[in-house]
Amino acid sequence: MNKRCIGCGAPLNNDEQICRRCFRLQNYGEYQEPITTNEDYLKIISNINKDELVIYVTSLLNININYLEKFNNVILVLTKKDLLPKSVQDYKLIKYFKDRYPNFKEIEVISSIKNYHLDELYHKIIKHQTSKNVYVIGYTNSGKSTLINKLIKNYSDKEPQITTSIFPSTTIDKINIPITNHLTIIDTPGIVSPTSIINHIDHSMLKKITPKKTIKPRTYQIKGKGSLIIENLLRLDYDTKETSMTIYISNSVNIIRVKPSNPKMQDQAKKTIFISDNEDLIIEDLCFIKFTKRTKINIYTDIDVGLNTRDNLI
Ligand SMILES: Nc1nc2c(ncn2[C@@H]2O[C@H](COP(=O)(O)OP(=O)(O)OP(=O)(O)O)[C@@H](O)[C@H]2O)c(=O)[nH]1
Ligand SMILES: [Mg+2]
């Protein structure tokens, strides 16, 4: 077998352990875009045997559940719980997903950074594995490699070595990690969503919008018309009878309230969204906003970012 980088899975053509790209990322935080594409990544996922155990990882901040139709044996892992306020209870999150996605074998709420519920997850993996191989899949940046590094640290006699970062497509090919004689975890490259905001902003803005600490939700009591500007990223105009609007976004992101008559950013592309009672507005990979009552929203932005609604998560 060809030698592979232990950081990202890329083929190596020398005797090093890690590739130049991982070396620069790990040591200098310098990011280089990979030459592999989302098609390559989807191919890796489609080659997984449908009866193998799959761990599907999604961040609680950017929930994205897709590409699972063919799999029979999937554990849903909701990670980065440390970023949500402590008052958010796991059992409620689990019920939310059970009600909407009844096919998962198990659902676990974890935080890899805080080592929260990893023992529980590990036992579930052992319980449901159908062979030695267990695959970890999900969108880019969801926290797959960070989770696997924690599994290596906690349950094997090896040192964690997979490269992780705030940048998209850190892992670019499969990486096989033997944990015990009976368990090999396989890391995979994350699925890339073209409408994720992380593909459209520079590195300093990416650092700013990536939450590092527990989010302090920002609540606005709103009535009638009003406007918010989030960094230089987008403008949000609302029109509502009366509701509360709570934004779950990185604490470092600047939000200002302006008068609706202020023309700032109104020359950018406009999208209108109707929020029903008790729905969230999701701005893909930037934030989610909880509304309690129906509201009309106009978003102004030239960024090709996904806008979606769902029932209130919290
Ligand atoms: N707060 C917090 N951050 C996390 C957690 N898990 C991962 N992260 C962060 O999320 C970012 C992405 O993590 P990775 O493990 O590289 O994500 P990935 O899913 O392997 O990404 P790709 O390899 O690009 O598919 C990094 O900045 C991690 O530090 C967690 O439990 N809590
Ligand atoms: Mg990774």
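**View 1. S145 and T171 at the magnesium ion.** S145 is buried, at 7% relative accessible area, and T171 is buried too, at 6% (buried means under 20% relative accessible area, with a 1.4 Å probe and protein chains only). This is a predicted model, where local features need pLDDT of at least 70, side-chain atom pairs count only at pLDDT 80 or more, and totals for chains, interfaces and linings use all residues. Through OG of S145 and OG1 of T171, the protein holds donors 2.0 to 2.1 Å from the magnesium ion, ligand 2. Donors here are N, O and S atoms within 2.8 Å of the metal (3.2 Å for Na, K and Ca), and water is not among the atoms, so sites may look incomplete.

**View 2. Two core residues up close: I209 and L286.** Now for the largest nonpolar core, which has 35 residues. A nonpolar core is a set of buried Ala, Val, Leu, Ile, Met, Phe, Trp, Tyr and Cys residues joined through side-chain atoms within 4.5 Å. I209, L281, I283 and L286 touch the most other members. Both domain 1 (20–192) and domain 2 (218–311) give residues to this core, so it lies between them; the bounds come from an automatic or database domain assignment.

**View 3. The surroundings of L286.** Leaving aside residues up to four places away in sequence, L286 touches N62, I197, I209, I230, L233, L234, Y248 and I249 (contact means heavy atoms within 4.5 Å).

**View 4. A second, separate core.** This one has 33 residues, among them I63, F71, V74 and Y96. Residues are numbered from 1 along each chain as its sequence is written.

How values were computed. Chains lettered and ligands numbered in written order. Heavy atoms only, no water. Buried < 20%, exposed > 50% of the residue type's maximum accessible area, 1.4 Å probe, protein only.
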